[in-house]
Number of protein chains: 2
Amino acid sequence: MGSADLVFPAGKRGGNAAAETGVHRAAVPPPQPFVKSLKSKLKETFFPDDPFRQFKNQPASRKVVLWLQYFLPILEWAPRYTFPDFKSDLVSGITIASLAIPQGISYAKLANLPPILGLYSSFVPPLVYAMMGSSKDLAVGTVAVASLLIASMLGKEVSPVENPTLYLHLAFTATFFAGVFQAALGFLRLGFIVDFLSHATIVGFMAGAATVVCLQQLKGMLGLQHFTSATDIVSVMRSVFSQTHQWRWESAVLGCGFLFFLLLTRYFSKRRPKLFWISAAAPLTSVVLGSVLVYLTHAEKHGVQVIGYLKKGLNPPSANHLVFTSPYMMTALKTGIITGVIALAEGIAVGRSFAMFKNYHIDGNKEMIAFGMMNMAGSCTSCYLTTGPFSRSAVNFNAGCKTAVSNIVMATAVMITLLFLTPLFHYTPLVVLSSIIIAAMLGLIDYEAALHLWKIDKVDFCVCLGAYAGVVFGSVEIGLVIAVSISMLRVLLFVARPRTFVVGNIPDSGIYRSKEQYPVANDVPGILILQIDAPIYFANASYLRERISRWITEEEDRLKASGETSLQYVILDMTAVASIDTSGISMLEEMKKNIDRVGLKLALANPGGEVMKKLDRAKFIEAMGPEWIYLTVGEAVTACNFMLHTCKPGSTDTPAMV
Amino acid sequence: MGSADLVFPAGKRGGNAAAETGVHRAAVPPPQPFVKSLKSKLKETFFPDDPFRQFKNQPASRKVVLWLQYFLPILEWAPRYTFPDFKSDLVSGITIASLAIPQGISYAKLANLPPILGLYSSFVPPLVYAMMGSSKDLAVGTVAVASLLIASMLGKEVSPVENPTLYLHLAFTATFFAGVFQAALGFLRLGFIVDFLSHATIVGFMAGAATVVCLQQLKGMLGLQHFTSATDIVSVMRSVFSQTHQWRWESAVLGCGFLFFLLLTRYFSKRRPKLFWISAAAPLTSVVLGSVLVYLTHAEKHGVQVIGYLKKGLNPPSANHLVFTSPYMMTALKTGIITGVIALAEGIAVGRSFAMFKNYHIDGNKEMIAFGMMNMAGSCTSCYLTTGPFSRSAVNFNAGCKTAVSNIVMATAVMITLLFLTPLFHYTPLVVLSSIIIAAMLGLIDYEAALHLWKIDKVDFCVCLGAYAGVVFGSVEIGLVIAVSISMLRVLLFVARPRTFVVGNIPDSGIYRSKEQYPVANDVPGILILQIDAPIYFANASYLRERISRWITEEEDRLKASGETSLQYVILDMTAVASIDTSGISMLEEMKKNIDRVGLKLALANPGGEVMKKLDRAKFIEAMGPEWIYLTVGEAVTACNFMLHTCKPGSTDTPAMV
């Protein structure tokens, strides 16, 4: 009794002969109780990272501490916080504050919200994140894409000009729903939904959004009073060129000048990473320079629009402003969910990238809870949607931040600005804000990544291009829908049209591999070996039936034409068939009948555990004869060859004498 | 220079040592021009059955004949048609006509259309199908589910009572669109869309629709005048029990009597397949008996509703009645597309099943064109949606039909009825039609199939149950959407949560298999072998990263606890990884970094052609070192073992001395 006896469960063996010659048989995995297998499946689906491993075998008091640390990571790292850490965080915190203030004001304008909201949003959310977030490098703040989305989605229902209060309240409500949705995804362990935004989607989507945001800035750059509310390139261009007589050269000159300055500083910082602070400080410098220039020249009276009065003081509460009455609630809900997902995708991708660099782990679901809490808290304190923008986090990282304390420093700086410095922004020209936005957005158009996609994977490139074109020519939502649909379609098409290969023997070995990949692989006379490269599901069952029957017909035609040994056996290599459903099993049954009918014999090689289990339950193994299911292609070929050369084909039904 | 040299492309080999020891390396498949690979991919996607193979190398005149035969299969088989064939077809044609006439009238009532349309629809479409269809057993006619769908979808927009003409014209228009859609699917080779209705979906959907249709018959059975237009069980039950005082016992008694008769004949026919004609003739017998009974007892004056006047004569033309003005066109379009897909799914599944029995081939896309043409022709000749119903085709098959001539015979019989016999249906009680429908529908509730699904595949059972519950408690459309969504979700979840297995060595062999399936498989000390069971896509990239890192941590913990050799190598068995995208490649790059960082070494075993191609393009192979990519797990283990026992772990970077 050799190993084969152990491998192949008793009572299902093909005969003693198998054991004697050492042929292995594919096994049905040992049965598991339904509840246990369901439990393990659920765990794999929702807790693949096993986040509660650390709680195992701990006393209750320790468990409470671990739970608190799980939800408030600050409790974990604060005790180990040192003064040198603080020095680093202080520098990076002040650096990102100098970026956050002008960016915050700009993005709030982009969202058609009062500029002061941009400052509010850089105060409360960073504090919440510093307590709950697990990234050490993320700098919290508002982002351009989400701001634009809020403007376009809410703007469809309520005009920010005619009804600014309702619009403002809807923005808070959308932020609240975004937070609830984000936290819910985290609590329900559904973080993988974010994974459906592939890298290619994000590259195309971000580039498209950046293009759209830049186009919107033409309003500020040209000093236009009226502008289309649509975001697609056609409407914007029509709007711009229909009012050429309204263009203000003062604005344009000022804007282009500052844009040039900002791009120049970026260029220097990129060439010398040590000079990162030049580009980080450039926006605030532009704001100061622009404000001084306007103040001295009274340019605000010559067509250069300025921010105007900003209220002093910290965030007023806004919890009582949340709108829960339809039909506006539905608009806010929809806006919240879409912007929430986009914000999550950006924040988590950014957090993960920097964690990779610095070699620590980020728990996606935990981050989602932190993001959700931060936005819920924000919506009650006059903030709108925040996340972890890439540009700001990169500055934070380059400035040498050690922990989330840099966010606290930034929040403190913003607090001081809110309390004492808001009047200084009175004369800040809007065109400077436009320049700041354009400069930031140009960095988001990652054409190199798109080229990389084209080189490696054409489908990914199409996804990227689809997202870009959808955003630029349609709207942000359309672009997103297109990109996600193409991505999904790709997955479905992969399952609907799996590849099948003819497998051959690699010379001087017992290894069998696809002839397409290994042109040296040789045919085995009289045997056709096919490899199926996907699970057999309803979506591909009839395709596979047609395709396999075509392989067989073609092979028979070829053999007839060349006068070689006619076909006797068909071996299906099931190694890559990870799963099968009832449609798949019916397909196999049908195929077996078809193959029998034309006088051939079907053998299976190496079906996986899941497949064996289901074939066994469906009694297919019994019907087929367990002796026709081999552990490797090599053994199946050996057995078939033996029969081919010793038995009359068709006369013996089982390879019992192998 | 052994085989390894041939296998591994020159210039990419890991060193001469590999060739000398006969270790094989995974190969990048030979490059193909982009156009050629795109062409072959498109062919695989749209022409997997290679339908034009027969046209190759034929003279032009022969090609014309073949093309005509391709679109009109009757030209192919008619010359071979014999008198014995005709005798068989005559018998089966008359048998299905006796079923078609009462069923046609019943289903037209179900669709809220004039009863005569049921007869019209059994005249023209069968003739068209006889010429264009490739099934020998399909009997064409209207079906209950599509009729119900038409009633519920069109009824939402236009009342069949208040505006019967518009309703009728919309039904023709919907039929026209269904035909256009079906033919378009066939021409565009998109037949695989129908495959997304899995077997489980169809079982649940059909059972649900049958339940709903039976519930609708309570109106006829109880002789009610008013009835809800909703189809869900709650509305129907409320409607029935809110008017208990309107129930007519005469109707109920008559209905139950005939239902009992019909079920009894079915029971006999099922026990003895030779007596199939008993159940086939039973509906017409019921109609005759019922009509005679009403005529003699004047029961129409005692609350038993009858069909009434039916116009004599053949189908009037209706092409000029098609409605192409919005908003009704959109309703008709939507109805047409949904009913068209359902009708296709049923017709093609039925055609395929009988082709399987009789051992001939059916081309799905060609069938779609035939169905589409038949419905387009039908919509212009006062017919509504037809397909190949299972019950009628089964009777046709059992009656011994040989070719589609049985459809011509049936059409002729219906033509005679239309020309001369319509007045005979004047006194046919509606309750008999209800009994006929109920008897037919009960056969569609296939609880055995549902049990089978539960036994083999729990997810398929959920899909089936979801479709059933959706149809019964919601509506037919909701049921369909639920079932298709669950099916899709399953495919997406399969890709989003691929299984990973620890692989071990099967004793006394060089074979490595999952330890879950083969509990006898042994660990290899110091090496962790993982098998990934799905393509690595954006949807699962981060899951796989987390899961693999958890496998490694768990294995290290286990080894530490048991004091065994610590982990040195991680081998990923990529056999089942059919494809990879750019997100997947980034994941591998990240993972490689992570694994390097903890002092382990990563090796890949047997990546497929597609994967190797992309890894090569992304320069991952170069970065990893081609010497770390093996052709089999066995060879990877041998190489790692060699290094483990001869070199200091970590000190050597390449297994050059293997």
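Where in chain A does UniProt place the feature "domain: STAS"?

1. The record comes first. UniProt, in an unreviewed entry, puts "domain: STAS" at residues 517–640 of chain A. The model itself is predicted. In this model, residues 517–640 of chain A are 51% helix and 15% strand. The C-alpha atoms at the two ends of that span are 24 Å apart.

2. Next, the two copies. A turn of 180° with a shift of 0.0 Å along the axis lays chain A on chain B, and the RMSD is 0.1 Å. The two copies are therefore related as by a two-fold rotation axis. Among the residues of chain A, Ala576(A) comes closest to the rotation axis, with its C-alpha at 2.0 Å.

3. On the interface, 100% of the interface residues of chain A are also interface residues in chain B, so the copies meet through the same surface.

4. One residue to look at is Pro29(A). In chain A, the loop between helix H2 (16–21) and helix H3 (34–46) holds Pro29(A). Is Pro29(A) buried, exposed or partly exposed? Pro29(A) counts as partly exposed because it has 18 C-beta neighbours inside 10 Å; a buried residue would need 20 or more.

5. The contacts of Pro29(A) involve both chains. Setting aside neighbours within four places in sequence, Pro29(A) is in contact with Gly609(A), Met612(A) and Lys613(A), and also with Glu516(B) and Gln517(B).

6. A last pair concerns distance along the chain and in space. Pro29(A) and Pro429(A) are separated by 400 residues in sequence, and their C-alpha atoms are 72 Å apart in space.

How values were computed
Residues numbered from 1 in each chain as written. Chains lettered and ligands numbered in written order. Predicted model: local features only at pLDDT ≥ 70, side-chain atom pairs only at ≥ 80, totals over all residues. Least-squares fit on C-alpha atoms with pLDDT ≥ 70 in both. Contact = placed C-beta atoms within 7 Å. UniProt positions renumbered as here; feature names shortened; annotations may be inferred. Helix = DSSP H or I, 4+ residues; strand = E, 2+ residues; numbered from the N terminus. Buried ≥ 20, exposed ≤ 12 C-beta atoms within 10 Å, placed from the backbone.
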